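Please work through the exercises below with the structure open beside you, trying each task before you read its solution.

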Amino acid sequence: MQAGLKDKTIRYSLPLLALVAAFLFPLFVSSPTYVQIMILLYFYAYLTTSWNLVGGFAGVLPLGHSAFVGIGAYTSTVLYLHYGLTPWLGMFVGGALAALVGVMIGKPTFKMRGAYFALSSIAFAEGLRVMVENINKLGPFTINGPRGLLIPLVGDSFIKYQFLRKEPYYYIILIMLILVLALTYMVSRRRMGYYLAAGGEEPEAAESLGVNVARYKLMAMAISCFLTALAGTFYAQLTLYFYPKGILGLDLSFELAFIALIGGRGTIAGPILGAFLLRPLNEFTRIYLGGYLPGLHLVIFGLILILVMIYQPRGLQEPLSRLYDKVIRKLTTRSHAMGVEKA
Amino acid sequence: MDVILQATVNGLLMGSIYGLTALGLTLIFGIMKVINFAHGSILMVGMFAAYWLVELTGIHPYLALFIVVPFLFFFGYYLQAIVIQPVFKAERHVREPITVIIVTTGIWYVLDNLAMMLFGAKYRVVTTAITGHTFTIGDLIISVPKLYGLIATLASAVLLYWFLKYTRMGRAMRATSLDRDAASLMGINQYKVYNIAFGLGTAVAGVAGCALIPFYYVFPTVGVVFDIRAFVIVVLGGLGSIMGALLGGMIIGVIESVFSQFMASTWTEGIIYVIFLFILFVKPSGLFGMKQDW
Amino acid sequence: MKLLDIQDLTKNFGGLTAVNSLSMSLETGQILGLIGPNGAGKSTVFNCIAGVCPPTSGKIAFKGKEITGQKPWDICRKRIARTFQLVKPFASKTVLYNVMVGTFSQTKSTAEAEEKALKVLERLHLDQKKDALAGSLTIADRKRLELARALATEPELLLLDEVMAGLRPTEVEEMIVIIKGIRKNGVTIFVIEHIIRAIMALSDWIVVIHFGEKIAEGTPAQVSQDERVIKAYLGEEYVTARNQGD
């Protein structure tokens, strides 16, 4: 039993350490640029983890998830600009709307083949973007078409979800990320997770075992869309400006999907791993090579996706977690040996 | 009324080229059961190839066909053989070959951004021997390049049909599409069939590329426009159906053309998506599609 | 009361009539065998009962209540389980995981589901392989896993679709013992089988169908002598030759 305890403590100590480091980070690093980098990192990790609930656990391929980011951002912002409703509440309205829309799209498309679902998600996201770009006013609400929405700066105001410094945003997104990871972990360990995995892999068999596959997929979709929309509001409040091409665009949708796929969809570690590996890679290639060849970083990104899909279709988390296991075992045997020696 | 008639004629002509793009896509699906998300990007490659050829040599775009089409055939053939095949093989027995979809999406992404990187976002247009030529029938103005496009489409469809029905390889392809395992037991190398099928699909896209450059802008993301149209058409007409692709193309072309008389072109874009979603929800097997186990 | 009562079941697929006005029933505690030449429509009958494809016409009643056309997951909750002719394991998951998907129909708690699953695996002698990936199992083990999964849902009626197919003779014997054991535990079993040895050994009652219609039924002994059955399986000439030989 001693060995088992040791193994567990070492195995979980690294993520725990990372967690503590994450919380202490802003206390040691004051440069807003770096804090901003971490904020965006957590933001993407959050989005890909939410995506994973549908794209990973439910076994379908959503390629238009930015639609829900946009729904979140637009809903909370429009309600704030027009009614003065605090974005903290507006965010939940956006989430609910996104969940509703997600279920409406999911209901007819989940029955179809994976490719058709992927196509529908693209069609929906692009259709939404085009519509939004064409609308200036929706009833009493200003949408502003392709120019997007600007949130007036009011300085530090919690109720208005605006802060002058980066630190509050950092902690908000960090907490959101932790919650979403915890949620994913819980789902995977409980009946819903098992049912989703079964339904995604062999729906007929799952149905014969009592799983209403369609219903579970829709549940996963609703949760995922809800969570994704919350991030949309966060982004809106962080940057105080967004526009259709950016927040509803196919680029964002693809980026989310690709990161989760490269990291390893269907696993908990995959999406975060993907985000933490690929976002910095994208940023650096863009900054350093973008001067000579604009868009090269995207080409590299796409190539990485293709290579990973050919050689490690379960994502990079598979070889990396095996490596991690090896390291853990080496450490436990070493400490074991030390323990024996002491005795 | 005249306006609508003119719009309808334009729509039919443009729609035939949409149909041509869809033809390649439906062929690939019909035989491999794979939806090639990168099809629009491959069309874009064809368009750029034709563009550069014409721009640099001044050759007639329909003569450029003889270079572009084989080029795209081999491009597709090797793309399939080298990039897609390993994943395809790995997912042979999986119910839903999602990784293949992911890889073709990756190819879409890479090709579009590569083109952006190499050629920039500029909208290019080339003047060819037939650009801007029109002739009139009564009150109707018929655009010559578009008419050529229609002829190219019909010719391609007929050739394809003949190939599939009467040649040995064509029969092999049809056999593989019906039952890949049985076909391979008959001595048909299914992977060779797939490579050729893919190559044919992209070759057809090459024809479309040549047909488009006399009158359409060439830019890196042009593929997305045609990709979406192609998907809508293929779903409308039914996956795997040549007739469906052609008819579906014309229908979409006409809808687009007529609607844009009454609303901004950006709205028509939206209409296409709405139609797409509508068809998916109401009759996913399309007009002529084979009954799939959806 | 009859546990399962099928009345005038008909299923058409486009122009093809797979099952034609079939009527039959099962008593509680029985093992009933359904046999017939290939393509006779046996799996279709199962699919109709299990809710995979709703019948074109006819009624299916379970414990006196009608279940015709209900969804597979509801049928499972009503305590009818089935296996598939072409096994469908969740290949990327462990054996234990596979069975837990079944036991989750009985409990919401993961710990309890695991406990129950382990018990089922023990009964079927698969517990040693609980952490193996389902995709890596031999065909015999996969068939057992399929059975284990179905049993995990604690059914009263079990539909076994050619569960012996592909097994070696020793494995067939083992499976016969297992199935008899399942019946001892109070499960009524409806078996489709091609392996005559197995069906004769297991069944209390046999129904024979051909081209979707019932052509004979009776005890194994009765059915094996029935002329119509022999004709269906072996052809007209054999019957004539046999009669001439008499």
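**Exercise 1: The open sheet of chain C**

C:F13 stands opposite C:L16 in β2(C). The model in which this pair is found is a predicted one.

Task: Find which strands of the open sheet in chain C stand at the edges.

Solution: Begin with the pair just named, whose partner residue C:L16 belongs to β2(C), and note that strand β1 (residues 2–13) of chain C is joined to β2(C) by 8 bridges, the two strands running antiparallel. Next, write down the order of the open sheet of 4 strands, which is β2-β1-β4-β5 (chain C), with antiparallel pairing. Finally, read off the edges, which are β2 (16–27) and β5 (65–66) of chain C; each has a single partner strand, so one side of each is left without a neighbour in the sheet.

**Exercise 2: Two enclosed strands of chain C**

Task: Decide whether the residues of β3(C) are buried or exposed, and then trace which residue of β8(C) stands opposite C:G33.

Solution: Start with the two directions in which residues point from β3(C): C:I31, C:G33 and C:I35 point one way, C:L32 and C:L34 point the other way, and all are buried. A residue counts as buried if 20 or more other C-beta atoms lie within 10 Å of its own. Since 5 of the 5 residues of strand β3 (residues 31–35) of chain C are buried, the strand is largely enclosed by the rest of the structure.

Then look at the pairing, where 4 bridges join β3(C) to strand β8 (residues 188–192) of chain C in a parallel run. Within this pairing C:I31 has C:I189 as its bridge partner, and C:G33 stands opposite C:V191. β3(C) also pairs in the parallel sense with strand β9 (residues 205–210) of chain C, over 4 bridges, and there C:L34 stands opposite C:V207.

Now repeat the reasoning for β8(C), both of whose faces are covered, with C:T188, C:F190 and C:I192 buried on one side and C:I189 and C:V191 buried on the other. As 5 of the 5 residues of β8(C) are buried, this strand too is largely enclosed by the rest of the structure. To finish, strand β7 (residues 157–161) of chain C is joined to β8(C) by 5 bridges and runs parallel to β8(C), with C:L160 having C:V191 as its bridge partner.

**Exercise 3: A pair of helices in chain B**

Task: Describe how the axes of α2(B) and α4(B) cross, and list which residues meet.

Solution: First take the geometry, in which the axes of helix α2 (residues 39–57) of chain B and helix α4 (residues 98–119) of chain B come within 9 Å and cross at roughly 30°. Because angles under 35 degrees count as roughly parallel, α2(B) is roughly parallel to α4(B). Next identify the residues: B:S41, B:M44, B:V45 and B:F48 in α2(B) meet B:I107, B:W108, B:L111, B:D112, B:A115 and B:F119 in α4(B). Sorted by class, this contact has 8 nonpolar, 1 polar and 1 charged residues.

**Exercise 4: Inside the core**

Task: Work out why A:A231 counts as buried, and find which residues touch A:I173.

Solution: Begin by placing A:A231 in helix α9 of chain A. With 25 C-beta neighbours inside 10 Å, A:A231 counts as buried. Leaving aside neighbours within four places in sequence, A:A231 is in contact with A:F43, A:Y46, A:L47, A:V69 and A:G72.

Turn next to the largest nonpolar core, which has 279 residues and in which A:I173 and B:A197 touch the most other members. Helix α9 (residues 213–239) of chain A gives the largest share of this core, 18 residues. Not counting residues up to four places away in sequence, A:I173 touches A:I39, A:Y42, A:F43, A:Y46 and A:F234.

**Exercise 5: Where the chains touch**

Task: Establish which chains have the most contacts between them, and which helix of chain C gives the largest share of the side that touches chain A.

Solution: Among the 2 pairs of chains that touch, the most contacts are between chains A and B. Chain B and chain C do not touch, their nearest C-alpha atoms being 10 Å apart. Where chain C touches chain A, the contact takes 20 residues from chain C and 18 residues from chain A. The largest share of the chain C side, 4 residues, comes from α2(C).

Technical notes:
Residues numbered from 1 in each chain as written. Chains lettered and ligands numbered in written order. Predicted model: local features only at pLDDT ≥ 70, side-chain atom pairs only at ≥ 80, totals over all residues. Axes fitted to C-alpha atoms, helices over the stretch in contact; angles between N-to-C directions. Parallel < 35°, antiparallel > 145°, perpendicular 65-115°, else oblique. Contact = placed C-beta atoms within 7 Å. Nonpolar A, V, L, I, M, F, W, Y, C, P; charged D, E, K, R; others polar. Core = buried A, V, L, I, M, F, W, Y, C linked by C-beta atoms within 7 Å. Buried ≥ 20, exposed ≤ 12 C-beta atoms within 10 Å, placed from the backbone. Pairing = 2+ DSSP bridges.
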